[in-house]
2 protein chains.
Amino acid sequence: MSKILECIPNFSEGRDEEKIEKIVEPFKSTDGVKLLDYSADKDHNRLVVTMIGSPEGLKQSMLEAMEIAIDVIDMNEHTGEHPRMGAVDVVPFTPVRNVTMEEAVEIANEVAKEAAEKFDLPIYLYEDAATCPERENLADIRRGEYEAMKEKVQKPEWKPDYGSDKVHPTAGATVIGARMPLVAYNVNLDTDDLELANDIARKVRHSGGGLRYCKAIGIDLSERGIVQVSMNMTNYTKTSLYQAFEMIKFEAKRYGVNIIGSELIGLLPAQALFDVAEYYLGVEDFSSEQIMENRLLEDL
Amino acid sequence: MSKILECIPNFSEGRDEEKIEKIVEPFKSTDGVKLLDYSADKDHNRLVVTMIGSPEGLKQSMLEAMEIAIDVIDMNEHTGEHPRMGAVDVVPFTPVRNVTMEEAVEIANEVAKEAAEKFDLPIYLYEDAATCPERENLADIRRGEYEAMKEKVQKPEWKPDYGSDKVHPTAGATVIGARMPLVAYNVNLDTDDLELANDIARKVRHSGGGLRYCKAIGIDLSERGIVQVSMNMTNYTKTSLYQAFEMIKFEAKRYGVNIIGSELIGLLPAQALFDVAEYYLGVEDFSSEQIMENRLLEDL
């Protein structure tokens, strides 16, 4: 069974088209890697790349792209609205298929180790790859940004997980990690009462006593005259979409409000929907190997 | 978007391992073709191959395998329990992803035309590729089997769709066609009353006034002490699995019987389950391009 991950590296270059094309080149030309999207934002001066592929393909292309980015980006001249600490700012790996979180963490570590040695770069591990709770959150690691990192990396509590305790003179430092893919899932309610949507969102989300891997807020869809519970499902393998849907349904019931539909935004792994079908049909002993298309992915 | 079909050719050789391996070789070595399974039955003296792939890959490998099968099989010496009329007995193409039935019919015609010319073989088109209602059913075309085909092909009403009106001296004749993939779907009931399962099966199936693309019978699962409505969904794009499930649920209700689970048997296209998830979550505007894994299939 082939292993597939998603990787969404962020590079600190959003203005120079020539440099951007150079950086993404390895993602276009490496076997086992499919470049899904790359978008550069001039105000943020930042490039966000989305790709999926095999562990080997992603590792190889990522190291090549890092080498190019470190070569063409000088952080001493970088300005932009988005917080950043390095030329290769942050690199999250997320499991998509036949990959455990442990394996994704391992891949993050392999890339971090090799990049630290090759480019003499301080590297921090974050989210599920973090080596201590203080490093789980990207914002905490990056606080102070590039300009403050020179001193920060030398503090004992911010000693990098891999590489030198001196920032790279032009590329700063990098954060690499592993996390579950976010599934953006919204449920539309048959009312225009935003307060009600917010009440339900609070009930459903983790912070309000609801589902462990669910973030939720109420949103006003004023042009449709309705409101929505807008969610980020942060681990669809542990908190499934049908749980959020059914929970919103029974919470809405106390207000006499109905669900009129839902929305899946952006990319998601097939398994997130197979889980839903399995639940509602009560399927016994289903294996995703029964899906014809999955058999085509085996030889990747 | 890559086009994917399934093809399940049946060859009249189930005993000679060496010949069997020769016949399946093109399915192993052709780009864009994934051999999923091949099983030979000695009593039937028949080889059934299951593969999926691109239109080009399937066409090319199928023609190569036909050439080999025609070369190594002599129908004058063929005996076996399964009805058969040719060395390459029947070749159905079924749409899996981004392929319409019209396109599957076109592929069946292309293979039929090229094979008829190349191998001087009478070829009939069946199911959705049939040129008249009398040829939709494989059993009608094959009636009389290899031994009767010599005369049958010369009758005006049985003039082959492609190729000679003389059977091939050692390979007989071949049936090629297009049909939807069957999804084998069973629903388990919380009772051991087989009559009840049969009653519900009759209500749900097309022939009994139920769903257009559903065949159903009651089955006794005696070792579990329950019964089951066992179904073949003959066109999951038009009659979805959730329709059969919900219909069985409301029919069972009149007997005070509950559904205790269901089973998906064998291979099925991912879309059959995405449809189910979309229905139960009430998803608006979903596209299968949002599925990460599907993006990997684009470059096939």
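Helices (H or I, at least four residues) and strands (E, at least two) are taken here as DSSP runs, numbered from the N terminus. The model is a predicted one, in which local features need pLDDT of at least 70 and side-chain atom pairs count only at pLDDT 80 or more, whereas totals for chains, interfaces and linings use all residues. Residues are numbered from 1 along each chain as its sequence is written, chains are lettered from A and ligands numbered from 1 in the order in which they are written, and side-chain values use heavy atoms, with hydrogens and water left out.

UniProt, in an unreviewed entry, places the feature "domain: Formiminotransferase N-terminal subdomain" at residues 3-180 of chain A and the feature "domain: Formiminotransferase C-terminal subdomain" at residues 181-295 of chain A; such positions are given in the numbering used here, feature names are shortened, and annotations may be inferred rather than shown by experiment. Residues 3-180 of chain A are 35% helix and 24% strand, and the end C-alpha atoms of this span lie 15 Å apart. For residues 181-295 of chain A, the content is 35% helix and 26% strand, with 22 Å between the end C-alpha atoms.

In chain A, helix α2 (residues 55-72) and helix α3 (residues 101-119) have axes that come within 10 Å and cross at roughly 30°, the axes being lines fitted to C-alpha atoms, for helices over the stretch in contact, and the angles running from 0 to 180 degrees between N-to-C directions. α2(A) is therefore roughly parallel to α3(A), a term that applies to angles under 35 degrees. Contact, meaning heavy atoms within 4.5 Å, involves residues of α2(A) including A:Pro55, A:Met62 and A:Ile70, and residues of α3(A) including A:Ile107, A:Val111 and A:Phe119.

Four strands of chain A form an open sheet in the order β9-β10-β8-β11, with antiparallel pairing, where two strands pair if DSSP finds at least two bridges between them. The edge strands, β9 (214-221) and β11 (259-265) of chain A, each pair on one side only, and the twist averages 20° from one strand to the next. Within this sheet, seven bridges join strand β8 (residues 183-189) of chain A to the antiparallel strand β10 (residues 226-233) of chain A, and A:Val183 stands opposite A:Met233 in β10(A).

Chain B is superposed on chain A by a rotation of 180° with 0.0 Å of shift along its axis, at an RMSD of 0.1 Å, the fit being by least squares on the C-alpha atoms of residues with pLDDT of at least 70 in both copies. The two copies are thus related as by a two-fold rotation axis. In chain B, the C-alpha nearest the axis belongs to B:Ala277, 2.4 Å from it.

Key: Parallel < 35°, antiparallel > 145°, perpendicular 65-115°, else oblique.
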